[in-house]
Amino acid sequence: MEISKEIYRVLADIVGDGYISDDPVVCEGYRSGPGGYESGLGYERVMTKVPGCVIMPKYTEEVQKIVKVCYRHEIPYVPYSTGFYGPRSHPHVKGALLIDLKRMNDFVLDEKHFYVEVGPGMVYSPIQEECMKHGAYVVIGGGGAQASAIANLIGDGWSPLSHRIGLPHRRILGTEVVMPDGEILRLGSLAQGGDDPFWGESPGPDLRGLLRGYTGLRGCLGIVTRMAIKTLPFQPERLVPTGISPNTALALPEKRIKWINFVVPSKDAQVKAMKEIGHAEIAGAVTKVPLFWRAIAKAECKEEFWDLWGKENEQTVANFHIVRVLLIGYTSEEQMEYDERVLMDIMTEVGGVARRTKPSDESWIKNADSAGMWLMCGGYVSVDYVIETMTQAPEHGPAYAELKKKYTPPLMPDYGDPGWFQSFEMGHQGYSEFLVYWDQDDDTNPVDQFYVDTSKMNIKNRFYTSLLGPHQPLYLTGPKYGPNYHEFLLKVKNEFDPKWMSHPPVPLAHDVFVERAPWMHNMKDWESPKDLDKIKD
Amino acid sequence: MANESDVRYYKPRTEFALDIKDIQNFVYDMSRCIKCKGCNWVDHTYMPGAKFMTRCPSAEKYQFDAYGAYGKMRIGHAFAEGRLEWNEKALEIIYACTLCGACDVGCKRNLDLEIELSLESLRVKAVKDGVGPMPAHKKIAENIAKTHNMYAAPHDKRKDWLPAGITPARKADVLYFVGCAASYTNKEIAQSVAKILKAAKVDFMLMPDEQCCGNTLFSVGMLDEAKALAQRNIDEVRKSGAKTLLTACAEGYRMWKVDYPKLLNISTADLGFKVVHLVEYVDELMKDGALKMSKAFATRMAYQDACSMSRLSDPWTPYQGKRGWMGCVEPRLKRRRGTSGLYAQPRDILKAIPGVNLLEMPRTRENAFCCGAGRGTKEAFPDLAKFSAAHRLEEIKDSGAETLVTACPHCKNNFAQAIKAGNEHVQVMDIAEVICASIES
């Protein structure tokens, strides 16, 4: 339904005239465009629409009122924190109300109880800075230092720092959600009716799983307006920012914190080193460094990146085995010295050799620099994240690399690069992620096809993929996981949002995309209801 | 270089130039913004915490994405492709912006897109399409046409700032370009500059008939008028035989060093003379021993990095080339990322003054928050200028500074008004005044 003048007036009365606009120029500023992942792909072209109106609430009560107006008048709406996640965080239907949450950027740090409390407009780097000032830290997710912490935590929320800190759902504490019909839901200790968000688990079933499951539902089950996030103790010395942009870094106090890169002889040695480091319960981060990353780090511009990458080949990629380890003296210099000795013992055992490593941090501690990953190509997507055992995770990348050959070009030549993997939760888990790059001016239809083909590969190889739900056709993945995971999810959706007003047609957006994009039809070898595409556009 | 055919797919190469006259030159840049909002956030490495997180005055005030570079790139792209109609809101979005370059250096940390040039080109398009600039800008253009200065002050009073006892040379290596502000509204700056040069025993000359630098004309997209002034002023300096063009105005510095060459399609190096800001010149004099900061100034001081002499001041080199696969360009382009800004010199000068306790604000150097006055903003959008200065004042107070030092008369005036309006206990001084006070016996 269009937003009539009367409804507009009602919405304006909720937030004030300065925080709502249906001007076409203002709305054009919210176009998805290539935003974030999936630049220039069919999903963006086919599925995203410019919003019909934009509103910027400041308080939870305002969000509730807005959503209730939308529900009463059947106006589809989309919650939007920073817009970085790409087409999937933008309206998919005409005339939608985009609820821009950037004004909800409250921040409270509870030093004594080691948590922070934030609104959806608060991004990661200021949180990390405030935490570090008070001897604590959080994981800045791979989504980047510029990502909304809440959006990231109900979506992905991990990085190499997850080696010690662990997965995001373990860090979500008391949380407040505005449900699709405007009712409020409080999770964790907030559900007791007080204002103490310290505890994450709810009195009844833990509903945090409905917020994120593995990687979240892009706001189709409600809007998180407040969240307490667990922090962990960090070392006390200041990490000093140095340099002039674009060459900025944190200078590390080397007796308390340092990165060390090790060259190891093989992939098996990489995996063994990661496992042993986890078992020894040392280090703050342990990750493989793909050759690709090194070229990015060295290049001053995209042209230089291609010069450097052009010198590589299948052998150099296959023979490049680096393990990058972050040591942190959490409690003392002596603890770090001990950790370093243990690390060196492990590396001696696996045949690793320490390389000279810069005493600085460019990425991960405060500046997870995912935005810079667009530099070389202008378009990329992480086609999958897999969290498996340390043994299984490294097998995931090569399977992708093999599938990728079929779609190269338009995917960039990567000489069989099998992505990267790292340790999570002290080696309890192995994490594998696979990135693909393309030029968005090329024929990108095969990239759309590759994306869906990855789901089929995961199903076939029984990888436990994260990209289910809103990221892939639900009727493709659902029957293969659960079983009937899709039926469960759709029942939840129908119960929470019977009118499908909250970010429609998520979680069926990718199903609808496959129906609407002619180049996707030959990919479809699964069953789905015939009326999928009747969801209004 | 590797064999290109091994790693790069064939792709027709499209020609483009870094020429703001044609917005089509920047469609690539406008269409590649991924909303990382690096243009808005302080460089994350320098992120100071939950206060003072952003560096775009326009986005900070108006909040809607449309006012940040991420929104303006989408809007500009739509205009370039004819998908959007001009309206009042569009003009507000495009002109309620200080063109301070924070977005440009932010983007060039991640994506290397030409944000500043895209924004300038969008204004040129607005003028070409007959909808820009704003009425207040047209009034300034009229003033310049009639009186050769932006204030409509009498042209024959332009040299009235000259202090007693100082007579410029008829011929000298250094030509001091005073600018409209220091000639009429901020004579104290020009007088301080003259006294500094005298103290250092440096002869300087003035233009026989100095006129406006054209900063506002250029900044609002009136390229024809700006180009005429650029050519005229450059010719005057060349005729004078000066080797160094000295200015104490940040906006004037950027015009001479960057935008005149841009307008005339030449390199900064081809001007035929060197363009220097007072802080560069004094820094050298100081380090050569020709100037000594001897008089104490006991104060807690903060320095405002003027945008035009920091992130916007990399020298200009014309560029024309082809863009191919993955957006790679040939010939190789040295991107202007703001790295040669004048960051160290003013700080070295201020630290050399006995008694000065120089404090850094949370947002500093390339991350500095613009005062809000420049490039036609204060004239057309005084509320934005006021907001921006008041916002920055909070940070100045937060740093504990009692004296704010600027290096641009537009910054000084805007801050002075905000201080007065807020009844704040902060004094604002131009760096020329501070230097002058320290060397005067």
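In the next few minutes I will walk through how the two chains of this model meet and how the domains within each chain are arranged.

Please keep in mind throughout that this is a predicted model.

Let me start with chain A, where the domain assignment gives domain 1 (5-100), domain 2 (107-233), domain 3 (240-363 + 370-442) and domain 4 (469-534). I would like to pick out domain 2 and domain 4 of chain A, whose C-alpha centres lie 27 Å apart, and whose contact draws on 12 residues of domain 2 and 11 residues of domain 4. Between them, these two domains of chain A bury about 1000 Å², and 75% of that area is on carbon and sulfur atoms. Which three residues supply the most of the area that domain 2 of chain A buries against domain 4 of chain A? They are Arg218(A), Cys220(A) and Leu221(A), which together supply 43% of that area, more than any other three residues. As for specific interactions, the count between domain 2 and domain 4 of chain A is 0 salt bridges, although there are 3 residue pairs in polar contact. On the domain 2 side, the residues that touch domain 4 of chain A divide by class into 6 nonpolar, 4 polar and 2 charged.

Now let me turn to chain B, which is divided into domain 1 (1-132), domain 2 (136-291) and domain 3 (292-305 + 343-441). In chain B the C-alpha centres of domain 1 and domain 2 lie 30 Å apart, and the contact takes 10 residues from domain 1 and 10 residues from domain 2. The area that domain 1 and domain 2 of chain B bury between them is about 720 Å², with 67% of it on carbon and sulfur atoms. There is 1 salt bridge between these two domains of chain B, and in chain B the side chains of Lys262(B) and Glu120(B) meet in a salt bridge at 2.7 Å, N to O. Helix H7 (residues 115-128) of chain B gives the largest share of the domain 1 side that touches domain 2 of chain B, namely 5 residues, and by class that side has 6 nonpolar, 1 polar and 3 charged residues.

With the domains in place, we can look at the contact between the chains, in which 78 residues of chain A are in contact with 60 residues of chain B. Chain A and chain B bury about 5600 Å² between them, and carbon and sulfur atoms give 58% of this area. Val25(A), Ser245(A) and Glu303(A) supply 12% of the area that chain A buries against chain B, more than any other three residues. How many salt bridges are there between chain A and chain B? The count is 6, and Glu303(A) takes part in a salt bridge with Arg335(B), with their side chains meeting at 2.7 Å, N to O. Among the elements of chain A that each supply at least two residues to the side touching chain B are helix H2 (24-28), helix H5 (124-133) and helix H11 (302-309). By class, that side of chain A has 35 nonpolar, 23 polar and 20 charged residues.

I will finish with the aromatic rings, for which the count comes to 31 aromatic pairs over all chains. One of them joins Phe292(A) and Phe305(A) in an edge-to-face arrangement, 5.3 Å centre to centre with 85° between the planes. This pair links distant parts of the chain, with Phe292(A) in helix H10 (residues 291-298) of chain A and Phe305(A) in helix H11 of chain A, 13 residues apart.

How values were computed: Residues are numbered from 1 along each chain as its sequence is written. Chains are lettered from A and ligands numbered from 1 in the order in which they are written. This is a predicted model: local features need pLDDT of at least 70, side-chain atom pairs count only at pLDDT 80 or more; totals for chains, interfaces and linings use all residues. Side-chain values use heavy atoms; hydrogens and water are left out. Domain bounds come from an automatic or database domain assignment. Contact means heavy atoms within 4.5 Å. Buried area is the accessible area (1.4 Å probe) that two parts lose on being put together, summed over both. A salt bridge is a side-chain nitrogen of Lys or Arg within 4 Å of a carboxyl oxygen of Asp or Glu. A polar contact is a pair of N or O atoms within 3.5 Å; within protein, one must be able to donate a hydrogen and the other to accept it, and residues adjacent in sequence count only if both atoms are side-chain atoms. Ala, Val, Leu, Ile, Met, Phe, Trp, Tyr, Cys and Pro count as nonpolar, Asp, Glu, Lys and Arg as charged, and the others, Gly among them, as polar. Helices (H or I, at least four residues) and strands (E, at least two) are DSSP runs, numbered from the N terminus. Rings of Phe, Tyr and Trp (its six-membered ring) pair if their centres lie within 6.5 Å; planes under 30 degrees apart count as stacked, over 60 as edge-to-face and the rest as tilted.
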